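Here are a few short exercises to work through with the model open beside you. Try each task before reading its solution.

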Amino acid sequence: MENGILALVFYIFSGIIVGSGIMVVTLKNIFHSALFLVLCLFSVAGIYILLSAEFVAAVQVLIYVGAITVLMIFAIMLTAQLYSTSVRQSNEQVIPGIIIVVTLLVVTLVALSRTSWRVVSQGIEGQTTISIGKALLTTYVLPFEVVSLVLIAALIGAIIIARKE
Amino acid sequence: MIGLNHYLALSALLFCIGIFGVLTRRNAIGILMSIELLFNAVNINFVAFARFINPQEITGQIFTIFVITVAAAEAAVGLAIIILIYRQHKGVEVDRVNIMKW
C-alpha cells in the first residue's frame with residue numbers, strides 16, 4: 001500500500017519535471033520558460049524528499065528556486081525584449097538536435113537496463129541533516145572551504161565584469 | 001516498487017531535455033536555464049546513488065550541495081557576461097556574438 005503511494009508520488013513528480021523541462025527548452029517567451037524552470041526545480045526538490053534527502057531538498061528550494069531563478073528573471077528583465085514574438089528563440093539545429101538527443105537517450109537507457117547495480121536494501125535511517133553537518137565540518141572540511149572561496153571569487157568577478165567602465 | 005533504475009531513467013530524460021535546450025536555444029539566458037536542467041539531472045543521480053548504493057555514508061548528498069554551490073557561482077558569472085554582451089550588441093542571441101569566429 002505504502003509502496004503504491006510512493007510510486008504514484010514518484011510518477012506525478014516525474015511527469016511535472018519532464019513536462020515543465022520540455023516547456024523550459026521549447027517555449028517562445030523566455031520569461032514563461034523561467035517560470036516553468038521554477039516549477040521543474042520545485043518538483044526536483046520533491047524527488048529529493050522521496051529519496052530521504054531533506055536537507056538537499058531545502059537547499060534546492062532556497063538556492064535554486066529562491067536565488068538562481070530570481071537572478072535569471074532579473075537578467076531577462078534587463079536584457080530581453082519581452083512579448084516580442086518576432087525574435088526567433090530557436091536556431092536551425094532543431095532537427096539535428098532531436099536526432100542527437102533521442103540517440104543519447106536510447107543509448108543511456110539501454111546501458112542502464114544492462115547494468116546491475118549492487119543495491120543495498122536498507123534505507124537511510126533518521127535525519128540526514130545531522131550527518132551532513134558533521135561530514136561537512138570533519139571529512140569534507142577542505143572542499144567546503146575551497147568551494148566557499150570559489151563562490152566569493154565568482155561573485156566578486158561577476159560584479160567586476162558587469163559594472164560600467 | 002520504485003527502484004534505482006527509475007530515478008536514473010528520470011535523470012537521463014531530464015539530461016536529454018537540457019542537452020536539447022543547449023543545442024537549440026538562441027537566447028543566452030535560455031542556454032543558461034538548460035544548463036541548470038543538466039545540473040539537476042546530475043544531482044538526481046547523486047542523491048539516488050547515495051540512497052540506494054551507500055546509505056551509511058551520504059557522500060552523494062554532500063556532493064550535491066557542492067554542485068548546487070558551483071551552479072550558483074556559474075549563474076552569477078554567466079549572467080554578468082550576458083549583461084555585458086547585451087551592452088555591446090543590444091541583444092543576447094548567441095549566433096550574433098561571433099567576433100571570435102573567422
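**Exercise 1.** Work out how many helices and strands chain A has, and in what order its elements run.

*Solution.* Keep in mind that this is a predicted model. Counting in chain A gives 6 helices and 0 strands. Read from the N terminus, the order is therefore α-α-α-α-α-α, with helices taken as DSSP runs of at least four residues.

**Exercise 2.** Do the count for chain B: how many helices and strands are there?

*Solution.* Chain B holds 3 helices and 0 strands. From the N terminus on, its elements read α-α-α.

**Exercise 3.** Set the radius of gyration of each chain beside the value for a compact globule.

*Solution.* Start with chain A: for 165 residues, a compact globule would come out near 15 Å, but the chain has 20 Å. Next, look at the extent of its C-alpha trace, which is about 55 × 40 × 30 Å along the principal axes. Now turn to chain B: a compact globule of 102 residues would be near 13 Å, but this chain has 17 Å. Its C-alpha atoms fill a box of roughly 50 × 25 × 20 Å along the principal axes.

**Exercise 4.** What percentage of the residues is buried in chain A, and what percentage in chain B?

*Solution.* In chain A, 24% of the 165 residues count as buried. In chain B, 54% of the 102 residues do.

**Exercise 5.** Find what share of the contacts joins residues at least 24 apart in sequence.

*Solution.* Consider contacts with a separation of at least 6. In chain A, 56% of these join residues at least 24 apart. In chain B, residues 24 or more positions apart account for 49% of them.

How values were computed: Residues are numbered from 1 along each chain as its sequence is written. Chains are lettered from A and ligands numbered from 1 in the order in which they are written. This is a predicted model: local features need pLDDT of at least 70, side-chain atom pairs count only at pLDDT 80 or more; totals for chains, interfaces and linings use all residues. Helices (H or I, at least four residues) and strands (E, at least two) are DSSP runs, numbered from the N terminus. The radius of gyration is taken over C-alpha atoms; the globule rule is 2.2 Å times the number of residues to the power 0.38. A residue is buried if 20 or more other C-beta atoms lie within 10 Å of its own, exposed if 12 or fewer, and partly exposed in between; C-beta atoms are placed from the backbone. Two residues are in contact if their C-beta atoms, placed from the backbone, lie within 7 Å.
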